[in-house]
Amino acid sequence: QHSASELILVEDEMTDTEDNEEEDLGVMDDQRSVILHLISQLKLGMDLTRVVLPTFILEKRSLLEMYANFMAHPDLFLSIAAGATPEERIICFVEYYLTAFHEGRKGAVAKKPYNPIIGETFHCSWDVPKDKVKAFRTNGASTVSKDPTKEFGQDQPMCYKLRFVAEQVSHHPPVSCFYCECKEKKMCVNAHVWTKSKFMGMSIGVSMVGEGVLYLMEHEEEYVFTLPSAYARSILTIPWVELGGKVNISCARTGYSATVTFHTKPFYGGKVHRVTAEVKHNPTNTIVCKAQGEWNGTLEFTYSNGETKVIDTNKLPVIRKKIRPIAKQGPLESRHLWQHVTNSLKEGNIDAATEHKHRLEERQRAEERQRVALTTPWKPKYFAKEGDGWLYLNPLWKT
């Protein structure tokens with residue numbers, strides 16, 4: 001199999017300047033009539049996978065790129081491996097997990113990322129300053145992990161390199177995979193997600209079916225995790241996004257697990273974006289950490305020894321991803337593939353955006369018909385199906 005590195009030159013990557021803020025302040029009157037017309041044709045609980053949604057509700061990025069933005073705090077991610085004990089490592093994972101959503105879901109307005117087309121890929125990386133990656137609870141004092149490859153042959157010895165690749169591996173059902181690794185920290189994550197949307201009256205629910213696995217090779221630990229559902233609320237006025245549902249994180253080897261609950265706002269009163277979590281050592285049935293707060297606001301962690309810690313997600317430093325300029329990207333890479341739709345949306349030319357999007361979708365349908373006629377199934381570039389899931393072809397644990 002081709003290794004990813006020979007295809008993608010990291011040297012070509014530049015700091016991303018794209019801003020994911022969506023400024024639209026609600027739905028215009030002419031757009032409202034389009035949505036009303038669309039709603040009139042939908043039934044409650046109906047699967048929206050094959051429903052073509054109006055272009056003006058699109059966000060200017062692909063779903064594959066949105067998954068990359070879950071890694072906007074790569075320093076917290078890399079710190080998981082620095083935890084001294086299994087308990088510290090799972091708590092670090094929960095801290096990272098709870099802070100991962102606010103950057104991926106930028107802006108108050110609910111917009112929908114582009115549905116990736118089959119074969120679409122997205123590559124990026126992060127340079128993470130080593131002094132930002134700290135062991136758990138070492139306030140300010142940076143600890144050095146025992147790392148034999150210390151500063152060897154790197155052009156940026158002060159940084160760890162975190163690489164990310166995502167690929168759309170299936171069209172029906174729509175399955176996205178992503179894989180992220182840091183060789184120096186001997187850690188990587190492999191995930192496959194199938195998005196399923198359904199119509200719920202004045203909101204749209206999107207469940208993320210699938211799971212991810214975080215591998216910490218130095219500790220021989222695997223953490224299996226799931227993802228919450230998302231809801232686009234008040235789709236006729238100012239739509240906004242809410243996360244909901246229970247997710248689990250568990251490590252079979254150490255016996256630790258965590259439950260994270262994203263609470264949807266009750267009909268009357270109550271707060272939005274509330275999240276609670278608890279980390280448990282299953283063999284002894286003890287709760288070692290509890291967390292509560294808002295996933296896009298302040299989170300408070302309480303540990304079994306009585307200590308507490310507060311994380312304000314809005315004050316966390318964001319490390320910008322690095323991505324190759326469009327001119328150096330392949331035809332199926334997200335930003336290259338969607339560039340005309342994105343540019344038209346930026347110019348506010350909805351008709352042109354719709355036209356470009358329609359062309360991409362038509363091409364995908366034509367290719368699909370051809371594959372059916374020739375009975376040649378689609379073969380992804382970076383991932384292979386294994387059981388119910390998908391695995392990156394060249395993961396760290398194989399090298």
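These notes walk through selected features of the structure, from strands and helices to cysteines and single residues.

1. **Status of the model.** This is a predicted model. Read each point below with that in mind.

2. **The β13 and β14 pair.** Start with strand β13, residues 274–281, and strand β14, residues 286–294. The two pair in the antiparallel sense, and eight bridges link them. To find the register, look at H281: T286 of β14 stands opposite H281. The two strands form a hairpin with four residues between them.

3. **N285 in that hairpin.** One residue here deserves a look. N285 lies in the loop between β13 and β14. Its phi is positive, about 55°, although N285 is not a glycine. Is N285 buried or exposed? N285 is exposed, with a relative accessible area of 54%. The cut-off for exposed is over 50%, so that value qualifies.

4. **On to β15.** Strand β14 has a second partner to inspect, strand β15, which covers residues 298–303. Here too the pairing is antiparallel, this time over five bridges. K290 marks the register, standing opposite T302 in β15. β14 and β15 form a hairpin, and three residues sit between them.

5. **E220, another positive phi.** Move to the loop between β8 (204–216) and β9 (221–225), where E220 is placed. E220 is not a glycine, yet has a positive phi of about 55°. How accessible is E220? Its relative accessibility is 57%, so E220 counts as exposed.

6. **A cis peptide bond.** Check the bond between H172 and P173. That peptide bond is cis, with omega at about -5°. P173 lies in a loop; the flanking strands are β5 (159–170) and β6 (175–182).

7. **Cysteines.** How many disulfides does the structure hold? The count is zero. C180 is in no disulfide: the nearest cysteine sulfur belongs to C124 and is 7.4 Å away. A disulfide needs two cysteine sulfur atoms within 2.5 Å, so a gap of that kind rules one out. C182 is in no disulfide either. For C182 the nearest cysteine sulfur is that of C180, at 8.7 Å. C180 is buried, with a relative accessible area of 0%. C182 is buried as well, and its relative accessible area is 0%.

8. **Helix α5.** This helix covers residues 86–99, 14 residues in total. From its first C-alpha to its last, α5 reaches 20 Å. That is close to the 20 Å expected at 1.5 Å a residue. How much of α5 is covered? The helix is mostly covered, with 12 of its 14 residues buried. Among the buried residues of α5 are E88, R89 and E95. I90, I91, F93, V94 and L98 are also on that list, and so are C92, Y96, Y97 and T99.

9. **Helices α8 and α9.** Two packed helices are described by the angle between their axes and the distance between the axes. Helix α8 spans residues 339–346, and helix α9 spans residues 350–373. They pack at an angle of about 165°, and their axes are 8 Å apart. Are α8 and α9 roughly parallel or roughly antiparallel to each other? Angles over 145 degrees count as roughly antiparallel, and α8 and α9 are therefore roughly antiparallel to each other. Their crossing is left-handed.

Notes: Residues are numbered from 1 along each chain as its sequence is written. This is a predicted model: local features need pLDDT of at least 70, side-chain atom pairs count only at pLDDT 80 or more; totals for chains, interfaces and linings use all residues. Side-chain values use heavy atoms; hydrogens and water are left out. Two strands pair if DSSP finds at least two bridges between them. Buried means under 20% relative accessible area, exposed over 50%, partly exposed in between (1.4 Å probe, protein chains only). The expected span of a helix is 1.5 Å times one less than its number of residues. Axes are lines fitted to C-alpha atoms, for helices over the stretch in contact, and angles run from 0 to 180 degrees between N-to-C directions. Angles under 35 degrees count as roughly parallel, over 145 as roughly antiparallel, 65 to 115 as roughly perpendicular and the rest as oblique. A crossing is left-handed if the near helix is turned anticlockwise from the far one by less than a right angle, and right-handed if clockwise.
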